[in-house]
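Visitor: I am new to reading protein structures. Could you walk me through one, feature by feature?

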Amino acid sequence: ATLRDLFGGCGAIDRVHLSTDAGTGEVKGIGRVVFGGSDEEAREATDKAVLLDGRVVMEQSIRVRFSHADWLKKPAKEPSATATAAAAAQEAAARTVAVSPLPGDVTATQLKKAWLDCGEVQEVHWARTDRMEKPGKGKRDKKKHGNSAPKSFSGTAYLTFKEPEGRAKALAAGARPLLPGGALMQVKAAHDPERDKSKDAKTKEAEAKKTKTAFKLRNAEDKVP
């Protein structure tokens, strides 16, 4: 049973708040129910709710008390840096496509020009055999290859359009040549590179655990007389 199910008969519920642990996100077992309507209706609903004190819910007796109103006045917490970064990555992914296969001497300028009819390409990321790299980022990158693809270029580039409509037009347009009369480059919806990197790390970690477990089992078998 939810809090809305339990207290819904007392009056119109405006919102429900569950206290969670800041570190784990787990519910602490404390909840607050805010009743709506006029002040009089809210007071009547609250009085009814308090009468549910001691009610057994899911084999546990619950306590119902009047809640201090100050918590309602607290400003909403600012989203964490991780949540903000995740939201930004998700928003960027909604404007990004992957194009391949591309020649090793391709440039960001060529790619932006080739897809200009779909919209302005704001960023180009090169998919490398070791990591993702954005053209023109950092002194070392500018000095080494700048607008051109790196030596470790895998043949795939991620194009991030300024507007989501650009991504939609590019996907609808399909394959096209990088240069007139050249080989066609295919386009598809892009995954978020950072999310893919995180998945790869988790996969490697899981494989490492399996290897350790298999090693332990082999050692255990060797010790059996």
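**A guided tour**

Guide: Gladly! Buried residues make up 27% of the 225 residues in this chain. Keep in mind that the model is a predicted one.

Visitor: What helices and strands does the chain have?

Guide: There are eight helices and 10 strands. The accessible surface comes to about 16,000 Å², and carbon and sulfur atoms account for 53% of it.

Visitor: How do I read contacts across the sequence?

Guide: Start with how far apart the partners are along the chain. Among contacts between residues at least 6 apart in sequence, 57% join residues at least 24 apart.

Visitor: Let me try a residue. Where is Val-64 placed, and is Val-64 buried or exposed?

Guide: Val-64 sits in the loop between β4 (60–61) and α3 (70–73). Its relative accessible area is 9%, so Val-64 is buried, as that word means under 20%.

Visitor: Which residues does Val-64 touch?

Guide: Leaving out residues up to four places away in sequence, Val-64 touches Phe-7, Ala-49, Val-50, Leu-52 and Asp-53. You can also compare distance in sequence with distance in space: Val-64 and Thr-46 are 18 residues apart in sequence, and their C-alpha atoms are 9.9 Å apart.

Visitor: Asp-53 is on that list. What does the side chain of Asp-53 meet in a salt bridge?

Guide: First, the general idea: side chains of opposite charge can pair when their charged atoms come close. Here, the side chain of Asp-53 meets that of Arg-65 in a salt bridge, with 3.0 Å from N to O. This pair links distant parts of the chain, since Arg-65 is in the loop between β4 and α3 while Asp-53 is in the loop between α2 and β3 (56–57), 12 residues apart. Asp-53 is partly exposed, with a relative accessible area of 36%.

Visitor: How many salt bridges are there?

Guide: The count comes to three. Another of them joins the side chains of Arg-95 and Glu-91, at 2.8 Å from N to O. Look at the accessibility of each partner: Arg-95 counts as buried at 10%, whereas Glu-91 counts as partly exposed at 42%.

Visitor: And what does Arg-176 form with Asp-117?

Guide: Those two form a salt bridge as well, with their closest N and O atoms 2.6 Å apart. The pair links distant parts of the chain: Arg-176 belongs to strand β9 (residues 176–177), Asp-117 to the loop between α5 (108–114) and β6 (121–128), and 59 residues separate them. Arg-176 is buried, with a relative accessible area of 14%, but Asp-117 counts as exposed at 55%.

Visitor: Can charges of one sign gather too? Which residues form a negative surface patch?

Guide: That patch is formed by Glu-40, Glu-41, Glu-44 and Asp-47. Take Glu-41 as an example: this residue lies in helix α2 (residues 39–50) and is partly exposed, with a relative accessible area of 47%.

Visitor: Now a strand residue, please. Where does Thr-160 lie, and what does Thr-160 touch?

Guide: Thr-160 lies in strand β8 (residues 153–161) and counts as buried at 6% relative accessibility. Beyond residues up to four places away in sequence, its contacts are Ala-92, Arg-95, Thr-96, Val-121, Gln-122 and Glu-123. You have already met Arg-95 in the salt bridge with Glu-91.

Visitor: What about peptide bonds? Which bond is cis?

Guide: In general, most peptide bonds are trans. In this chain a cis peptide bond joins Ser-100 and Pro-101, with omega at about -5°. Pro-101 is placed in the loop between β5 and α5.

Visitor: Which residues does Gln-186 touch?

Guide: Both Ser-100 and Pro-101 are among them, along with Ala-98, Val-99 and Ala-175, not counting residues up to four places away in sequence. Gln-186 is in strand β10 (residues 184–189) and is partly exposed, with a relative accessible area of 44%. Gln-186 and Ala-175 are 11 residues apart in sequence, with 4.5 Å between their C-alpha atoms.

Visitor: One last stop: is Thr-107 buried or exposed?

Guide: Thr-107 is buried, with a relative accessible area of 15%. Thr-107 lies in the loop between β5 (96–100) and α5, and touches Trp-126, Asn-147 and Ser-148, again setting aside residues up to four places away in sequence.

Terms used
Residues numbered from 1 in each chain as written. Predicted model: local features only at pLDDT ≥ 70, side-chain atom pairs only at ≥ 80, totals over all residues. Heavy atoms only, no water. Patch = residues over 30% accessible without salt bridge, like charges linked within 9 Å, V, L, I, M, F, W, Y side chains within 5 Å. Areas by Shrake-Rupley, 256 points an atom, 1.4 Å probe, with all protein chains shown as cover. Salt bridge = Lys/Arg side-chain N within 4 Å of Asp/Glu carboxyl O. Lys, Arg positive; Asp, Glu negative; His and termini not counted. Charge placed at Lys NZ, Arg CZ, Asp CG, Glu CD. Helix = DSSP H or I, 4+ residues; strand = E, 2+ residues; numbered from the N terminus. Buried < 20%, exposed > 50% of the residue type's maximum accessible area, 1.4 Å probe, protein only. Contact = heavy atoms within 4.5 Å.
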